[in-house]
Amino acid sequence: MNRIAIYPGSFDPVTHGHLDIVRRAAGIFDSVIVAVTDPGGKKTLFPLRERVELFGKAVRGWPRVSVQSFKGLLVDYATEKKACAIVRGLRAVSDFEYEFQMALMNRHLSKRRGSSLETVYMMPDESYTYLSSSLVKEVARLKGDIDHFVPPAVCTALKKYIK
Ligand code: COA
């Protein structure tokens, strides 16, 4: 059986924390699809196409990992891709409430569609627990050092945007 996992997010932009989760997921599932989408109600710094490109560059050559974009409901996309699980990262207790709501909503929606989609949570390496895309953008905007937090292509792109 081919066990496909979807790792969804807005990834504006991808950080080493996100990559850490993909690496862990790829060690458990047969394949991982990183699914980039627009966050509901939030404006992004990078357009969708560029967020996909930057994530794609960061995982180039990683076996069984692909990067795509999607619009609409995550459960519909996951069903179309024949995925058995959604993977999400849990950094701290503060992530829990939002994640809990999303997991139960997705379970409800997938049940209504006659499929069963589980959400699997993974903890990133502890050195990434305080990392978020917003913080990285803020530090970059204030000319702080972000090399440690994001892949090189993201570093370059952020510097260009912030100029
Ligand atoms: N390391 C570092 N940072 C991480 C992280 C990790 N392992 N995991 C999450 N984050 C950060 C992100 O950088 C982001 O930070 P920011 O808020 O400062 O930008 C934040 O946590 C959340 O980002 P992300 O993981 O991209 O999730 P999201 O909240 O943007 O994505 C979707 C939510 C896209 C999964 C959800 O909105 C969705 O499924 N949308 C599709 C429509 C749908 O089906 N809606 C119903 C859902 S029930």
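In this short talk I will walk through one protein model with its ligand, beginning with the ligand and then moving along the chain.

Before the details, please keep in mind that this is a predicted model, in which local features need pLDDT of at least 70 and side-chain atom pairs count only at pLDDT 80 or more, while totals for chains, interfaces and linings use all residues. Residues are numbered from 1 along each chain as its sequence is written, and side-chain values use heavy atoms, with hydrogens and water left out.

Let us start with the ligand. It is surrounded by 24 residues, and the closest of them are S10, L74, R91, S133 and S134; for a residue to be near a molecule here, one of its heavy atoms has to lie within 4 Å of that molecule. If we sort this shell by class, we find ten nonpolar, eleven polar and three charged residues. In that sorting, Ala, Val, Leu, Ile, Met, Phe, Trp, Tyr, Cys and Pro count as nonpolar, Asp, Glu, Lys and Arg as charged, and the others, Gly among them, as polar.

Which residues come within polar contact distance of the ligand, where a polar contact is a pair of N or O atoms within 3.5 Å? One of them is S134, with an N or O atom of its side chain 2.3 Å from an oxygen atom of the ligand. The side chain of R88 also places an N or O atom 3.1 Å from a ligand oxygen, whereas L131 uses a backbone N or O atom, which lies 3.1 Å from a nitrogen atom of the ligand. Taken alone, the ligand exposes 940 Å², and the protein buries 85% of that; these accessible areas come from the Shrake-Rupley method with a 1.4 Å probe.

The space that the ligand takes is the largest pocket. A pocket is found on a 1 Å grid over the protein atoms alone, as an open set of points with protein on both sides within 12 Å along at least five of seven lines, and a molecule sits in it if more than half of its atoms lie within 2 Å of its grid points.

Which elements give two or more residues to the shell around the ligand? They are β1 (4-9), α1 (16-26), α4 (93-112) and α5 (133-141), and the largest share, four residues, comes from α4. The element names refer to DSSP runs numbered from the N terminus, with helices (H or I) of at least four residues and strands (E) of at least two.

Now to some single residues, beginning with K137, which is found in helix α5. Is K137 buried or exposed? Its relative accessibility is 12%, so it counts as buried, given that buried means under 20% relative accessible area, exposed over 50% and partly exposed in between, with a 1.4 Å probe and protein chains only. The side chain of K137 makes a polar contact, at 2.8 Å, with the side chain of D12; within protein, such a contact also requires that one atom be able to donate a hydrogen and the other to accept it, and residues adjacent in sequence count only if both atoms are side-chain atoms.

D12 brings us to an unusual stretch of backbone. Most residues other than glycine have a negative phi, and most peptide bonds are trans. The peptide bond from D12 to P13, however, is cis, with omega near 0°, and P13 lies in the loop between β1 and α1.

Two residues also have a positive phi without being glycine. R64, in the loop between α2 (48-58) and β3 (65-69), has a phi of about 65°, and because its relative accessibility is 45%, R64 counts as partly exposed. K82, in the loop between α3 (74-80) and β4, has a phi near 60°, and its 67% relative accessibility is the reason why K82 counts as exposed.

Finally, a few distances between C-alpha atoms. L104, which is found in helix α4, is 15 residues from T119 in sequence and 8.8 Å from it in space, C-alpha to C-alpha. F55 in helix α2 counts as buried because its relative accessibility is 0%, and its C-alpha is 17 Å from that of Y128, with their positions 73 residues apart in sequence. K163, in the segment after α6 (152-162), is exposed at 89% relative accessibility, and K163 and S132 are 31 residues apart in sequence and 21 Å apart in space, C-alpha to C-alpha.

Conventions
1 Å grid on protein atoms, 1.4 Å probe; cavity = no way out; pocket = protein on both sides within 12 Å on 5 of 7 lines; lining within 4 Å.
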